[in-house]
Amino acid sequence: MKLYFSRNPNPRLAVAAARFLKAKVEFEFAAPQAASERARYEALNPNLLLPILEFGSRSLWECDAIACFLSRASCSTFWRTDDDEPDMIRWISWGKENFVRACDMVHWERGTKLRYGIGPCDEEMAEEGLRAFHKAAAILERELANRPWLVGDRVSFADFRMGTFLPYNDAARLPIGDYPALSRWNAQLEEIAAWRDPFRGLVAPELPPLPG
Ligand SMILES: N[C@@H](CCC(=O)N[C@@H](CS)C(=O)NCC(=O)O)C(=O)O
C-alpha cells in the first residue's frame with residue numbers, strides 16, 4: 001500500500017493518521033498538479049488532490065475515507081466502530097462544515113496564497129474566516145471543557161480531523177489562546193508524536209516559505 005502525500009494540511013492529516021495507526025504503508029511524496037504528473041495522478045484521483053492511498057489496482061482519496069480504511073486494516077478503534085461511531089462522524093461532519101472550514105479560510109488567505117504566490121491576503125475574507133472561527137471555537141470550547149477528547153476519553157480520528165489546520169498556525173495566526181479548553185486539547189494533540197511530527201524521516205520538499 002502506498003500513501004501519496006505532500007506537506008499540505010490534508011495530506012499531513014492522512015500521514016499523521018497512518019503513523020498513529022502504525023499502518024503498513026509506504027509513503028511517497030507527490031505533486032499531482034505538476035504538468036508532467038497530471039496524467040499519472042488523474043487515474044488515481046480525478047481531483048488531482050492529496051492524499052491518495054493506492055493498493056493493488058485500486059485507489060482511495062479523501063482523508064476521512066483513508067483514515068477509516070487504515071484504522072480498519074489496523075483493527076484500531078481510532079476510527080470508532082462501536083456505539084461511539086455516530087458521535088465521531090457528527091464531529092467530523094460538523095468540523096468540516098464549521099471549525100475546519102473556518103481555519104481553512106484564514107489559512108488560505110494568510111498562508112497558502114502567500115506561499116504559492118496566488119495573490120495577496122484578502123483581509124475581508126480573512127475577517128470572515130475569523131468570525132466563523134470564533135463561532136465554531138465557542139461551541140468546541142463548551143464541549144471540550146467537560147472531557148479530554150471529542151469522543152470519550154481517548155483520541156479518535158475526529159480530533160485529528162478537527163485539528164487539520166492547527167499545526168499551520170504560524171501562518172494562520174488563529175486566536176486559539178482565547179479558548180482555554182481548545183488550547184488544552186490542542187496541546188494534548190501536540191503530545192502525540194505522530195501528530196506533532198508526521199513527516200519525520202520522510203523525503204518531501206518543505207513548503208515554500210511565507211514571504212517576509
Ligand atoms: N477533501 C480532501 C481535500 C484534499 C486537498 O485539498 N488537498 C490539498 C492539500 S490540503 C492538495 O492536494 N493540494 C495539492 C498538493 O498538496 O500538492 C481530503 O480531505 O482529502
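How far apart should the ends of helix α1 (residues 9–20) be at 1.5 Å a residue, and what do its end C-alpha atoms show? The 12 residues of this helix should span 16 Å, and the end C-alpha atoms are 16 Å apart, so the expected and modelled values agree. Please keep in mind that this is a predicted model. Here is a quick tour, starting with the whole chain and then returning to α1.

**Overall build**
- You will find 10 helices and 4 strands in the chain.
- Starting at the N terminus, the elements follow the order β-α-β-α-β-β-α-α-α-α-α-α-α-α.

**Size and packing of the chain**
- A compact globule of 212 residues would have a radius of gyration near 17 Å, and the chain agrees because its own value is 17 Å.
- The C-alpha trace spans about 45 × 45 × 30 Å along its principal axes.
- Buried residues make up 39% of the 212 in the chain.
- If you take the contacts between residues at least 6 apart in sequence, 65% of them join residues at least 24 apart.

**A closer look at α1**
- Helix α1 is mostly covered, with 12 of its 12 residues buried.
- The buried residues include Pro9 and Pro11, the charged-name pair Arg12 and Arg19, and Phe20.
- Also buried in α1 are Asn10, Leu13, Ala14, Val15, Ala16, Ala17 and Ala18.
- Two strands, β1 (2–5) and β2 (26–29), are among the packing partners of these buried residues.
- Their helical partners include α3 (63–73), α7 (157–162) and α10 (193–196).
- After α1 comes Lys22, which has a positive phi, near 50°.

Definitions and conventions:
Residues are numbered from 1 along each chain as its sequence is written. This is a predicted model: local features need pLDDT of at least 70, side-chain atom pairs count only at pLDDT 80 or more; totals for chains, interfaces and linings use all residues. The radius of gyration is taken over C-alpha atoms; the globule rule is 2.2 Å times the number of residues to the power 0.38. A residue is buried if 20 or more other C-beta atoms lie within 10 Å of its own, exposed if 12 or fewer, and partly exposed in between; C-beta atoms are placed from the backbone. Two residues are in contact if their C-beta atoms, placed from the backbone, lie within 7 Å. The expected span of a helix is 1.5 Å times one less than its number of residues.
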